[in-house]
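Trainee: I've got this model open and I'd like to know where the descriptive words come from. Can we go through one helix together?

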Amino acid sequence: MLFDAHCHLDFDSFDADRQAVFERAHAVGVSRFMVPGTTRERWGAVLSLGERADVVVALGLHPYFIAQHAAGDLEALEKAVAPGDRLVGIGECGIDARFEATLERQWELFEAQLQLAKRYRLPVIIHCVHADDQVAKRLKQLDLPARGLIHAFGGSPEQARRFVDLGYWLGLGGAVTYDRAKRLHRAVRAIPDDGFVLETDSPDMPLAGRQGQRNEPAHLDETLARVALLRGQDADWVAASAWDNTHRLFRLEAASL
Ligand SMILES: [Zn+2]
């Protein structure tokens, strides 16, 4: 069984066939899904997906959508987090250094969400592009009680090791399926068995050979196959490790799933 540890199934691009997307995933053994929030406007859709027995959710303010975040969104986030039973984490939040003009505001929002994760003892789901070293430094200082996920990890073996040593899990997704991703492949080989989860980031991050297409959780088995090949491990072993790791990361009872 596979757990898609990060997929945006609330996005509009799934409105026309969302149920079929779930069915195709289940048909290939992808039976659990973590859907993170990206903007306040979408939180309602995320929370309603969380009513499904096979979905768990988090809420956050994503750096990519910085222009959509308004004053008051952080307070609203804290209000949504406070009940404590609906969310398995804070996020998606983080730093995307491709967007230099907004970096200062990105760090303000990220820092506020890290503090929420600390206060409510929830894991944090981190989007981190071209900022691995700075983010790792801040995570080390903060010593968050529930750690979290470095989603769509794309860094070096050294960066992977540092996040794992800090107690964070690395999300491995479609990027590993590209032959040119040599540095990431070295990192995938270097991660310990208890340090990674598998994710699609649907509808984004298309796999090799599927560029330009919408991604969906049913493709997670292709990422699994590539990770197993890179690590020289049996796919069943990798799947079982990732399944256990995802439950530990989001502190889910295996029995309740
Ligand atoms: Zn995402």
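Mentor: Let's take helix 5 and its surroundings, keeping in mind that this is a predicted model.

Trainee: Why is helix 5 called roughly parallel to helix 6?

Mentor: Helix 5 (residues 132–142) and helix 6 (residues 157–165) pack at an angle of about 15°, with their axes 10 Å apart. Angles under 35 degrees count as roughly parallel, so helix 5 gets that label with respect to helix 6. Helix 5 also passes helix 6 in a left-handed crossing.

Trainee: Which residues make that contact?

Mentor: From helix 5 you have Asp132, Asp133, Val135, Ala136 and Leu139, and from helix 6 Gln159, Arg162 and Phe163. Sorted by class, that contact has four nonpolar, one polar and three charged residues.

Trainee: Which residues of helix 5 are buried?

Mentor: Asp132, Val135, Ala136, Leu139 and Leu142 are; buried means under 20% relative accessible area.

Trainee: And what puts them on the same side of helix 5?

Mentor: The arc does: they cover only 130° around the axis, so they sit on the same side of helix 5. On the other side, Lys137, Lys140 and Gln141 are exposed, the cut-off there being over 50%.

Trainee: What covers the buried residues of helix 5?

Mentor: The cover includes strand 4 (87–96), helix 4 (103–119), strand 5 (124–129), strand 6 (148–151) and helix 6.

Trainee: What phi does aspartate 143 take, just after helix 5?

Mentor: A positive one, about 50°.

Methods: Residues numbered from 1 in each chain as written. Predicted model: local features only at pLDDT ≥ 70, side-chain atom pairs only at ≥ 80, totals over all residues. Heavy atoms only, no water. Axes fitted to C-alpha atoms, helices over the stretch in contact; angles between N-to-C directions. Helix = DSSP H or I, 4+ residues; strand = E, 2+ residues; numbered from the N terminus. Parallel < 35°, antiparallel > 145°, perpendicular 65-115°, else oblique. Left-handed = near helix turned anticlockwise from the far one by under 90°. Contact = heavy atoms within 4.5 Å. Nonpolar A, V, L, I, M, F, W, Y, C, P; charged D, E, K, R; others polar. Buried < 20%, exposed > 50% of the residue type's maximum accessible area, 1.4 Å probe, protein only. Arc of directions from axis to C-beta.
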